[in-house]
Amino acid sequence: MSARVISLRSPADGTALGEVPITSEAEVREASRLAEATYRSGRWSRLAPRGRAAVLLRLADLMQRDLTLLARLDCEDAGKPITECLQNDVPSSIESIRWFAEAVDKQYGRTSSAGGDVLAFTEREPFGVVAAILPWNYPLAMAAWKVGPALAAGNSLILKPADATPRSVLHLADLAAEAGLPDGVLQVLPGDGPTTGAALADDPIIGALSFTGSTTTGRSILIASARSNLKRVSLEMGGKSPQILMDDALAFGDDLIDGMIESAFLTSGQNCTAGSRILVHESIHDAVVERFAAAAARLRVGHPADPATRLGPVIDARSAERILGAIDQSRREGATVVTGGREVGIAPGGHYLSPTVLTGIAPDAEITQQELFGPVVTIQSFRTRAEAIEHANDIPYGLAASVWTTRLDDALVLARGVEAGLISVGEYSEGDLTVPFGGWKQSGFGGAEKSLRAFEQWTREKSVWIRHRGA
Ligand code: NAD
């Protein structure tokens, strides 16, 4: 057993939450060998898809049974508001497991047009041993996006939760065993990035690795794949997503402000698709700033275990310091802090920031370019649709964008012009499970999560060519 441990502490108030081992490189190798043996045994991989679906549907039922516990674990580990965990994260995780379980036996390969004495077809097969490395901000939900399609497709999966948020994912593995998943098909290895994460990225047995986290880490995983076994890497990374408001956006009334607030401040702004850059037509700039900032100031900042809390703490002291530093830097560059910009004393040991709205920012200011991962938005104005698209695209990321206009032409031109993997119009949305999810540019490789597309991430295509003889 590993000698080194991670001491888990609540981001809300520093309460000790126990400890987990840091899985060592040798233990990662052991886990991948076990996964390989399990895969080869065929106990899971060669089970008929309907049989795999039945186990995963039982897992979903068990998650439903333990919904409150799973929500509490994510709330405690990540400092996420309990209401978000209960109403969004855990229900959407259950739905995700169900959706992929139900989809797995409804897929078909292709028959080619080779003709003559040949029958040629393609089918998709699992990789065998696969892995996923997870971020801390949606511990269970990101696990579910990977577990559903990876296991439904017949792989053996190794999951590494983020350093600080392993407990809901460890419980998920217990539930999977209770549901009847054979040993070794799903292994959860807690640990840190440099030890456990890096060992997975370098592992020679793992055939595909799906990563969700920051762009910096994603880059190092791609390098590790290149120097090890060229495992297929899928990357879902950070963002700096724009919310674009055309001159008619106020026609959406309260839906506009509610949607903007949700986009900006869900999980205290620590959300990959957070609409942290608001671009608004100059004719409604002042009205939007006034209404949005007033709504932001009304949001209740509090302990995440309190059901009335809308914004909990940021993940740790370093994050708070980085975010407050960026706000100060913007102030020095002439920005106006319309609301927020400070730490709120909710509980010692936690770092709570007030929802912050900044205006008067230069288009190329650093705060508009880099992901801050906190409850901070900038509001900038534009004059023309072309200028809005130019501003929206002038960043290294391309994860998501939301567009507020009632005019079809504007909606379509913006939806097609903005360089991002997901555009929502008339609301802030990441789409449901039927819609592919994934970023462009330095946000990722695009569209590999959710929907039937997710199976492509976890399977490889084989072509079979058969010549027959005789009439
Ligand atoms: P992070 O990159 O710091 O860590 C993510 C995971 O990578 C953790 O499990 C960590 O232990 C591991 N890791 C760290 N160094 C590693 C290394 N050298 N080799 C292998 N693994 C390593 O990210 P985070 O702070 O946990 O998560 C926040 C980031 O995730 C944000 O940038 C956010 O936008 C992004 N995110 C993206 C999506 C998406 O779907 N695009 C969803 C959620 C979060």
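In this predicted model, helices H2 and H5 (residues 139-152) pack with their axes 10 Å apart, at an angle of about 160°. Since angles over 145 degrees count as roughly antiparallel, that makes H2 roughly antiparallel to H5. As for handedness, the crossing of H2 and H5 is right-handed. On the H2 side, the contact is made by Arg52, Leu56 and Met63, while H5 brings in Leu140, Gly148, Leu151 and Ala152. Sorted by class, the residues of this H2–H5 contact come out as five nonpolar, one polar and one charged. The charged one is Arg52 and the polar one is Gly148, going by the residues of the contact and the way classes are assigned.

Arg52 turns up again in the second largest pocket, where Arg52, Glu123, Arg124, Glu125 and Thr459 are the lining residues that lie nearest the centre. This pocket holds about 610 Å³ of space, and its lining runs to 23 residues. Which elements each supply at least two residues of that lining? Two helices do, H1 (25-41) and H2 (49-65), along with two strands, E4 (118-126) and E21 (459-467). Strand E4 gives the largest share, with five residues. As for the make-up of the lining, nine residues are charged, eight are nonpolar and six are polar.

Helix H2, then, figures in both parts of this picture: H2 packs against H5, and H2 also supplies at least two residues of the pocket lining.

How values were computed:
Residues numbered from 1 in each chain as written. Predicted model: local features only at pLDDT ≥ 70, side-chain atom pairs only at ≥ 80, totals over all residues. Heavy atoms only, no water. 1 Å grid on protein atoms, 1.4 Å probe; cavity = no way out; pocket = protein on both sides within 12 Å on 5 of 7 lines; lining within 4 Å. Points joined across faces, edges and corners; volume = space filled by probe spheres on them. Helix = DSSP H or I, 4+ residues; strand = E, 2+ residues; numbered from the N terminus. Axes fitted to C-alpha atoms, helices over the stretch in contact; angles between N-to-C directions. Parallel < 35°, antiparallel > 145°, perpendicular 65-115°, else oblique. Left-handed = near helix turned anticlockwise from the far one by under 90°. Contact = heavy atoms within 4.5 Å.
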